[in-house]
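User: I would like to understand the terms used for this model. Please take me through them one by one.

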Amino acid sequence: MTLTLADVTLTYPDGDGRLTALDHVSLDVPAGSLTAVVGPSGSGKSSLLAVAATLVTPDEGRVVVAGTDTACLGRAEKTALRRERIGIVFQQPNLLPSLTAAEQLQVMTHLSGGAVRGARGRALELLDAVGLADKADRRPHQLSGGQRQRINIARALMNDPAVLLVDEPTSALDHERGAAVLDLLVTLTTERSTATVMVTHDRAHLDRVDRTVMMDDGRLTAPVAT
Ligand SMILES: Nc1ncnc2c1ncn2[C@@H]1O[C@H](COP(=O)(O)OP(=O)(O)OP(=O)(O)O)[C@@H](O)[C@H]1O
């Protein structure tokens, strides 16, 4: 299993007490499969992604990323694991305004201390994979919202992650563009063998994913039919 959450509980301080955001959550995501997480606002979906991304440490339970039990890691080791093994697609692309599409991706190689020499070639290969080969030298303001989201996804794949975590990728897109982005995520998950978890409010295209699970008040319910 490439991503495993085993009996994970996460609480936040809440007045004099604690609020349970994740309540004994277990989830296994194999390589090459896409799991969608749906559920009402405040049910814990973002918390689940944050824990899987090792950005937040759970109170209890284990998070295992590509065979590494993250409980054993120090802060620097977690940062390295995140850079090398985990791709994160945030809801807002947050592209740097002055950089071209290709440079948005190349920056990831700089940040992870990788060999800068092959970075442009890899960036161009990924832009091609997300259908933007001809937009490599465009800056964000010269691209549509859907194209910016594709760059966001390509950027998360730059370091060839084992785990891909995607937060509300279609929320800012219309139906057609949302469907296209979801198709892209399904294809990339298979082609690049990532264990992909996607949080979404949008139930429109869930027939395309491998599995849909529901968060409800911090608990993960059985897979739901789509
Ligand atoms: N940093 C925090 N400190 C305290 N409570 C938090 C914090 N982050 C989230 N919570 C609470 O934890 C619960 C789960 O929040 P979370 O953001 O994971 O839900 P969500 O399902 O992603 O919601 P949405 O769909 O609205 O984004 C909520 O009750 C929220 O108020």
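**Ligand shell, core and one helix**

Analyst: H1 gives the largest share of the shell around the ligand, 3 residues. Helices (H or I, at least four residues) and strands (E, at least two) are DSSP runs, numbered from the N terminus. This is a predicted model: local features need pLDDT of at least 70, side-chain atom pairs count only at pLDDT 80 or more, and totals for chains, interfaces and linings use all residues. Residues are numbered from 1 along each chain as its sequence is written.

User: What makes a residue part of the shell around the ligand?

Analyst: Its C-beta atom, placed from the backbone, lies within 6 Å of the ligand. Among the residues that pass are Tyr-12, Lys-45 and Met-215. Strand E2 (17-29) and H1 each give two or more residues.

User: How do the shell residues divide into nonpolar, polar and charged?

Analyst: They are 4 nonpolar, 7 polar and 1 charged. Ala, Val, Leu, Ile, Met, Phe, Trp, Tyr, Cys and Pro count as nonpolar; Asp, Glu, Lys and Arg as charged; the others, Gly among them, as polar.

User: Why is the span of H5 called close to the expected one?

Analyst: The expected span is 1.5 Å times one less than the number of residues. H5 (residues 145-156) has 12 residues, so 16 Å is expected, and the helix reaches 17 Å from its first C-alpha to its last.

User: What does Leu-165 touch?

Analyst: Contact means C-beta atoms, placed from the backbone, within 7 Å. Not counting residues up to four places away in sequence, Leu-165 touches Leu-49, Ala-52, Ala-53, Ile-86, Ile-88, Val-89 and Val-197.

Technical notes. Two residues are in contact if their C-beta atoms, placed from the backbone, lie within 7 Å.
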